[in-house]
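Open the structure in your viewer and keep the selection panel at hand. We will go from stop to stop, with something to pick out at each one.

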Amino acid sequence: MTPDDKQDEVLTLEELAALLKVSETTAYSLVRGGELPGRKVGREWRFLKTRVFEWLAQTGTGDEMQGTNGVVQRDEQGGEFKIEDNREYVAMWLPMTRTEKAAQLQKAARDGVNVSELVAEYLRAWSKE
């Protein structure tokens, strides 16, 4: 086996945790959160060692938001989020059809309303209740 072959080595979750020197629970959380590149094969997770090293090289110091810029990821609770320009955005499922959503967006555009700010105001008020 050459050194290059070793870099293309496939790791199990247990081996990944040992490589990162974290618990299997922490490693699994990173995978489920979409932070760490891996692939589910049957019921088991597998990781390419080179991709893990690439991921480690990309990870910041902890002061800035981490994640893949613009890519929708899952958090620990199963919710969706993405990071763009060091700002975190969360996805919300609204109880409406796409037609209703389109109508609301058209109305907001006609009225000159920023829909994101409208939703943010609503959530701020709701969280204070």
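Before the first stop, a word on pairing: two strands count as paired if DSSP finds at least two bridges between them. Strands are runs of at least two residues that DSSP marks E, and they are numbered from the N terminus. Please also keep in mind that this is a predicted model.

**The whole chain**

Start with the protein chain in cartoon view. You should find 6 helices and 6 strands. Followed along the sequence, the chain gives the pattern α-β-α-α-β-β-α-β-β-β-α-α. Of its 129 residues, 17% count as buried. Among contacts between residues at least 6 apart in sequence, 37% join residues at least 24 apart.

**First sheet**

Now select residues 10-11, 39-41 and 44-48, which are strands E1, E2 and E3. In what order do the strands of this open sheet lie? The order is E1-E3-E2, and the pairing is antiparallel. Strands E1 and E2 are the edges, each pairing on one side only.

Look at E2 and E3 together. They are joined by 3 bridges and run antiparallel. Show Lys-40 and you will see Trp-45 of E3 standing opposite. Arg-39, in turn, faces Arg-46 of E3. These two strands form a hairpin with 2 residues between them, and Gly-42 in the turn has a positive phi of about 65°.

Next, move to the other side of the pairing, where E1 and E3 are antiparallel over 2 bridges. Select Leu-11 to find its bridge partner in E3, Phe-47.

Stay on E3 and turn on its side chains. Which of them point to one face, and which to the other? Trp-45 and Phe-47 share a face and are buried, while Glu-44, Arg-46 and Leu-48 point to the other face and are not buried.

**A helix across the strands**

Select residues 49-58, helix H4. This helix lies across E1 and E3, and it runs at about 70° to E3.

**Salt bridges**

There are 4 salt bridges in the structure, and we will visit some of them.

Begin with Glu-9 and Lys-49, whose side chains meet at 3.6 Å, N to O. Glu-9 sits in the loop between helix H1 (3-7) and E1, and Lys-49 belongs to helix H4, so this pair ties together parts that are 40 residues apart in sequence. Are the two residues buried or partly exposed? Glu-9 is partly exposed, at a relative accessible area of 25%, whereas Lys-49 is buried, at 15%.

Go along H4 to Arg-51 and Glu-54, which also form a salt bridge at 3.6 Å, N to O. Arg-51 and Glu-54 are 3 residues apart in this helix, a separation of about one helical turn. Both are partly exposed: Arg-51 has a relative accessible area of 42%, and Glu-54 has 43% relative accessibility.

Then jump to helix H5, residues 98-111. Here the side chains of Asp-111 and Lys-107 meet in a salt bridge of 2.9 Å, N to O. They are 4 residues apart in the helix, about one turn. Asp-111 counts as partly exposed at 45% relative accessibility, and so does Lys-107 at 40%.

**Second sheet**

Select residues 73-74, 80-84 and 87-90 to bring up strands E4, E5 and E6. These 3 strands form an open sheet in the order E4-E5-E6, with antiparallel pairing. Its edge strands are E4 and E6, each pairing on one side only. E4 and E5 are paired over 2 bridges. To see one such position, display Gln-73, which stands opposite Phe-81 in E5.

**Largest pocket**

For the last stop, switch on a surface. How much space lies in the largest pocket? The answer is about 1,000 Å³. The elements giving two or more residues to its lining are E6, H5 and helix H6 (115-128). In total, 27 residues line this pocket. Select Met-92, Leu-94, Val-115, Ser-116 and Val-119 to pick out the lining residues that lie nearest its centre.

Notes. Residues numbered from 1 in each chain as written. Predicted model: local features only at pLDDT ≥ 70, side-chain atom pairs only at ≥ 80, totals over all residues. Heavy atoms only, no water. Contact = heavy atoms within 4.5 Å. Axes fitted to C-alpha atoms, helices over the stretch in contact; angles between N-to-C directions. Buried < 20%, exposed > 50% of the residue type's maximum accessible area, 1.4 Å probe, protein only. 1 Å grid on protein atoms, 1.4 Å probe; cavity = no way out; pocket = protein on both sides within 12 Å on 5 of 7 lines; lining within 4 Å. Points joined across faces, edges and corners; volume = space filled by probe spheres on them.
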